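User: I'd like to learn how to read a protein model, one feature at a time. Could you walk me through this one?

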Amino acid sequence: MILHKLFPLVLGLTIFVACGEDEPKAPTYDKEYLIGRWELTDAWRSNKKTETLTGIYYEFATTGKMNTNFTLDMTDGEFPYEFDGRNIIQKGKMDRSYTIDSLTRETLIFSTVFNDSNFKLALVKKVPVESEEEKEL
């Protein structure tokens, strides 16, 4: 008799737990979109727009190397990097992590901590200009 009374309760709890909402998964992005040269269009430091980063660029190669001038001395540097579909990990003397907010074929927006400040950078993909020889082909 007790089993008949407990069965609906156990069944109800099982269904409730099984139908619970899953944690939303963070989006992942295609590495193919990341490859190429990106140039800064907008930047925010500690949630305030900043104009002091004009000329910042990133260039990602399929070889696992990246070039950027967003360095401590603002000069060009080459670094190994890893990409997991959501984060870019710049390797070197001091690893830096970039969390991707958005990545399409034309735009890249990511957040990072640099020199103890939070940054959000918006970049556009720079399409290489064809040389005169390539245009003739």
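Analyst: Sure, and let's start with the pocket. Sorted by class, the lining of the largest pocket has six nonpolar, six polar and seven charged residues. Keep in mind that this is a predicted model.

User: How do you find a pocket in the first place, and how much space lies in the largest pocket here?

Analyst: Rolling a probe the size of a water molecule over the atoms shows where empty space is left. In this case, the largest pocket holds about 380 Å³ of space. Its lining is made of 19 residues, and L72, F79, Q90, M94 and R96 are the ones nearest its centre. β5 and β8 (107–114) are the elements that give two or more residues to that lining.

User: You're using strand names already. How many helices and strands are there?

Analyst: The protein has three helices and nine strands. Going from the N terminus, the order is α-α-β-β-β-β-β-β-β-β-β-α. While we're on the whole chain: of its 137 residues, 28% are buried.

User: Okay, strands next. Which way do the side chains along β4 point?

Analyst: Here's the general idea: in a regular strand the side chains alternate between the two faces of the sheet. Now look at β4. M66 and T68 point to one face and are buried, while K65 and N67 point to the other and aren't. You can try the same reading on β5, where G77, F79, Y81 and F83 make up the covered face. The uncovered face of β5 has E78, P80 and E82.

User: And which strands sit beside β4?

Analyst: Follow the bridges. Strand β3 (residues 57–60) is joined to β4 by three bridges, and the two run antiparallel. Across that pairing, F60 stands opposite M66. The two strands form a hairpin with four residues between them, and G64 in the turn has a positive phi of about 85°. β4 is also joined to β5, by four bridges, again antiparallel. There, N67 faces E78, and K65 has P80 as its bridge partner.

User: What comes after β5 in this chain of pairings?

Analyst: β5 pairs with strand β6 (residues 87–90) through three bridges, and these two run antiparallel. F83 stands opposite I88 in β6. This hairpin has three residues between its strands, and G85 takes a positive phi near 95°.

User: I keep seeing rings. How many aromatic pairs does the structure hold?

Analyst: Eight. To read a pair, check two things: how far apart the ring centres are, and the angle between the planes. Take F70 and F119: their centres are 5.5 Å apart and their planes are at 80°, so this pair is edge-to-face. F70 is in the loop between β4 (65–68) and β5 (77–83), whereas F119 is in strand β9 (residues 117–126), so the pair ties together parts that are 49 residues apart in sequence.

User: Are those two rings buried or exposed?

Analyst: Both F70 and F119 are buried. F119 also pairs with F114, edge-to-face, at 6.1 Å centre to centre with 70° between the planes. As for accessibility, anything under 20% counts as buried. F119 has a relative accessible area of 5%, so it is buried, and F114 is buried too, at 8%.

User: Which residues form an aromatic cluster?

Analyst: Y58, F60, Y81, Y98 and F110 form one cluster. You've met F60 already, as the residue opposite M66, and Y81 is on the covered face of β5. There's another ring to look at: R37 lies over the face of Y57, 4.2 Å from the ring centre.

User: Last one: how do I spot residues that are far apart in sequence but not in space?

Analyst: Compare the gap in numbering with the distance from C-alpha to C-alpha. K120, in strand β9, and K49 are 71 residues apart in sequence and 9.2 Å apart in space. K120 is partly exposed, with a relative accessible area of 34%. Now try T112, in strand β8: it is 67 residues from R45 in sequence and 9.9 Å from it in space. T112 counts as buried, at 4% relative accessibility.

Definitions and conventions: Residues are numbered from 1 along each chain as its sequence is written. Side-chain values use heavy atoms; hydrogens and water are left out. Rings of Phe, Tyr and Trp (its six-membered ring) pair if their centres lie within 6.5 Å; planes under 30 degrees apart count as stacked, over 60 as edge-to-face and the rest as tilted. Buried means under 20% relative accessible area, exposed over 50%, partly exposed in between (1.4 Å probe, protein chains only). A charge sits over a ring if NZ of Lys or CZ of Arg is within 6 Å of the ring centre and within 35 degrees of the ring normal. Two strands pair if DSSP finds at least two bridges between them. On a 1 Å grid over the protein atoms alone, a cavity is a set of points where a 1.4 Å probe fits but cannot get out, and a pocket is an open set with protein on both sides within 12 Å along at least five of seven lines; lining residues have an atom within 4 Å of a point. Grid points are joined across faces, edges and corners, and a volume is the space filled by probe spheres set on the points. Ala, Val, Leu, Ile, Met, Phe, Trp, Tyr, Cys and Pro count as nonpolar, Asp, Glu, Lys and Arg as charged, and the others, Gly among them, as polar.
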